[in-house]
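User: Please take a close look at the pockets of this protein. I would like to know what lines them, and then what the neighbouring parts of the fold description say.

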Amino acid sequence: MRVIVGSAGSSTGYGIVKSLRAAFGENIFIVAADTNAPHLVAASMISDVFVSVSKASDDSFKGQLRKIVNEHNIKIIFPVHNTEVSVVAEMRQELKGVYVVASSRDVIDISNDKILGFEVLGKKGLPVPATCKAEEVSNVPEQGLFLKPRFGVGSVGVTLCRSMHDIRDLLDKSTDDYIAQTVCYPPEITVDFFSDGNGYVYSVCRERLEVKAGVCVKARIFQSPEVERLISEFVALTGYTGVACVQLMKDHSGNYVFTDINPRTGGGTAMSLPVGVNFPAAELARVVGMPYQEYLPAIKKEHYVVRQYEEFLTR
């Protein structure tokens with residue numbers, strides 16, 4: 001098995017490299033790619049080869065990726081950053097014999113564009129908070145409104161605005177497009193899930209107890225029949241196949257609503273590793289025709305997982 005993991009310097013990228021190495025050891029050849037130099041990327045220490053690449057939005061990126069695929073006989077690509085996912089997914093036809101771990105372009109679009117995503121989910125009958133463009137807001141309810149970057153990642157940039165003044169001040173200071181949503185309530189849960197495209201869906205809930213820079217660092221890990229039913233409905237209506245994650249919170253009536261969609265694993269997905277769940281390994285096993293359910297065991301009780309920084313001497 002020969003794979004490349006993009007954005008390897010991110011917490012998500014490092015988590016994928018770590019998960020694949022934990023599952024397959026020396027039976028997998030991993031190329032880690034990132035915009036940083038190798039001595040600035042911890043994943044370079046646990047991959048077989050590291051390559052520095054341009055940003056996925058740069059014109060040179062596609063050529064660099066083709067060269068890496070050819071030089072290292074890559075068969076599977078794990079793109080990570082949202083732009084990277086979109087660009088690599090567009091290259092599917094030219095990357096013959098290479099599997100791209102990403103959903104269809106339609107699914108990627110509703111994941112990356114929050115206005116489009118919540119509109120599509122709402123039309124399909126899935127529970128979502130009321131959403132509009134921030135500039136369309138004419139009044140703010142007593143509980144306030146959440147403003148989020150339209151093309152944002154994770155919880156970065158999410159702001160609770162309690163007045164029109166707050167909204168105007170935020171928009172005046174930012175160059176980003178924002179959406180406005182009705183306030184949702186705890187718990188804030190990220191759901192990592194796997195779909196084999198043939199009806200099998202597996203999910204794990206990760207309650208975000210503490211978040212730093214948009215990434216969960218303390219979590220409660222558990223499974224929920226209620227959430228599993230909701231994710232199965234989501235998969236059936238959107239056509240998701242492979243691994244991805246969504247975020248859920250509760251509305252004023254206490255019902256779960258979707259608050260974010262990601263066409264990939266998340267920065268906190270690796271927090272399920274200590275309880276024996278390995279989403280990247282399951283997806284790789286599915287792609288190459290190996291048994292995958294061994295990487296997706298039932299979780300019989302709730303667990304708590306915390307993170308601490310780890311130091312790497314890279315040079």
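Analyst: The pockets come first, then a sheet with its helix, then a pair of helices.

This is a predicted model. Its largest pocket has a volume of about 850 Å³. The lining counts 28 residues. Closest to the pocket centre are Ser11, Tyr14, Arg307, Gln308 and Tyr309. Four elements each supply at least two lining residues: helix α1 (11–24) and strands β11 (201–212), β12 (215–222) and β15 (303–306). By class, the lining of the largest pocket holds 16 nonpolar, six polar and six charged residues.

The second largest pocket has a volume of about 690 Å³. Its lining has 36 residues. Ser10, Thr12, His81, Val153 and Arg264 are the closest to its centre. The elements giving two or more residues here are α1, β2 (29–34), α3 (82–90), β11, β12, β13 (242–250) and β14 (256–262). Helix α3 gives the most, with three residues. The class split for the second largest pocket is 11 nonpolar, 18 polar and seven charged. Three elements, α1, β11 and β12, appear in the lists for both pockets.

Now the sheet. It is open, has four strands and runs in the order β6-β9-β7-β8, with antiparallel pairing. β6 (131–133) and β8 (159–161) stand at the edges. Each has a single partner strand, so one side of each lacks a neighbour in the sheet. On average, neighbouring strands are turned by 30° against each other, direction ignored.

Inside that order, β7 (residues 145–149) and β9 (residues 178–182) pair in the antiparallel sense over five bridges. Leu147 has Ala180 in β9 as its bridge partner. Helix α6 (residues 164–173) packs on the sheet and touches β7, β8 and β9. The direction of α6 makes about 140° with that of β8.

The helix pair is α4 (residues 105–112) and α5 (residues 114–123). Their axes come within 5 Å and cross at roughly 110°. That crossing makes α4 roughly perpendicular to α5. On the α4 side, the contact uses Asp109, Ile110 and Asn112. These meet Lys114, Leu116, Gly117 and Val120 in α5. By class, this contact has three nonpolar, two polar and two charged residues.

Back to the pockets, to close. The lining of the largest pocket has 16 nonpolar residues against six polar ones. In the second largest pocket, 18 polar residues stand against 11 nonpolar ones.

Key. Residues are numbered from 1 along each chain as its sequence is written. This is a predicted model: local features need pLDDT of at least 70, side-chain atom pairs count only at pLDDT 80 or more; totals for chains, interfaces and linings use all residues. Side-chain values use heavy atoms; hydrogens and water are left out. On a 1 Å grid over the protein atoms alone, a cavity is a set of points where a 1.4 Å probe fits but cannot get out, and a pocket is an open set with protein on both sides within 12 Å along at least five of seven lines; lining residues have an atom within 4 Å of a point. Grid points are joined across faces, edges and corners, and a volume is the space filled by probe spheres set on the points. Ala, Val, Leu, Ile, Met, Phe, Trp, Tyr, Cys and Pro count as nonpolar, Asp, Glu, Lys and Arg as charged, and the others, Gly among them, as polar. Axes are lines fitted to C-alpha atoms, for helices over the stretch in contact, and angles run from 0 to 180 degrees between N-to-C directions. Angles under 35 degrees count as roughly parallel, over 145 as roughly antiparallel, 65 to 115 as roughly perpendicular and the rest as oblique. Contact means heavy atoms within 4.5 Å. Two strands pair if DSSP finds at least two bridges between them.
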